[in-house]
Amino acid sequence: MERFNAASTEDAERALLACLHSPGWAVRVAAHRPYPNLDSLLAAADEAAYDLPRAERLAALTAEALPGLPEDAYSAAHTALNAANAAYESRFGHPFVIYVDDLKPDEALDHVLEGIRSRLANDPEEERLVAGEELRRLARGRLIALLTDGDR
């Protein structure tokens, strides 16, 4: 936390962009330093993510990729995931995003496939909210990893 607070503005923003590809979000979160602790940083990051303008949220979503499949995943899983993502992207105009960092690798594939199939039934406005929440969770998880990596 101390290194993040003491980093130059450019370095802090660069680190934040690795967590969420949103220049406005990175600028806003970096500008409010110093943070007294990780919880206050996460709260500020959440608030900034909730406030993303539609165009910036879409750009951040577009910069995301599907979670990787385990190396031993069978080819039918790759085909199913690619087909589901293509249908999702066609319907909503951006790639499917979902937070899976708290799952075991062998649970992630089923979670992603179940999530993408169920979310295809959402109307565009409902999915905008769900995708925005998943994007916020991704950024939050990456921030935690970034700032606690050296502490483990």
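I began with helix α5 and looked up what covers its buried residues (buried being under 20% relative accessible area, with a 1.4 Å probe and protein chains only), and the cover includes α8. The model is predicted, so I kept in mind that local features need pLDDT of at least 70, that side-chain atom pairs count only at pLDDT 80 or more, and that totals for chains, interfaces and linings use all residues. Residues are numbered from 1 along each chain as its sequence is written, and side-chain values use heavy atoms, with hydrogens and water left out.

Helix α5 spans residues 54-62, and I found its buried residues to be Arg57, Ala60 and Leu61. They cover an arc of only 100° around the axis (taken from the directions from the helix axis to the C-beta atoms), which puts them on the same side of α5.

Next I turned to α6 and α8. I noted that Tyr88, Arg91 and Phe92 in α6 meet Pro124, Glu127 and Ala131 in α8, where contact means heavy atoms within 4.5 Å.

Then I searched for aromatic pairs (ring centres within 6.5 Å; planes under 30 degrees apart are stacked, over 60 edge-to-face, the rest tilted), and the whole structure holds two. Tyrosine 88 and phenylalanine 92 form a tilted pair, 4.8 Å centre to centre with 50° between the planes. The rings of tyrosine 88 and phenylalanine 96 have centres 5.2 Å apart and planes at 80°, so I recorded that pair as edge-to-face. Ring pairs thus link Tyr88, Phe92 and Phe96 into a cluster; tyrosine 88 and phenylalanine 92 are both buried, and phenylalanine 96 is buried too.

Notes
Helices (H or I, at least four residues) and strands (E, at least two) are DSSP runs, numbered from the N terminus. Buried means under 20% relative accessible area, exposed over 50%, partly exposed in between (1.4 Å probe, protein chains only). Rings of Phe, Tyr and Trp (its six-membered ring) pair if their centres lie within 6.5 Å; planes under 30 degrees apart count as stacked, over 60 as edge-to-face and the rest as tilted.
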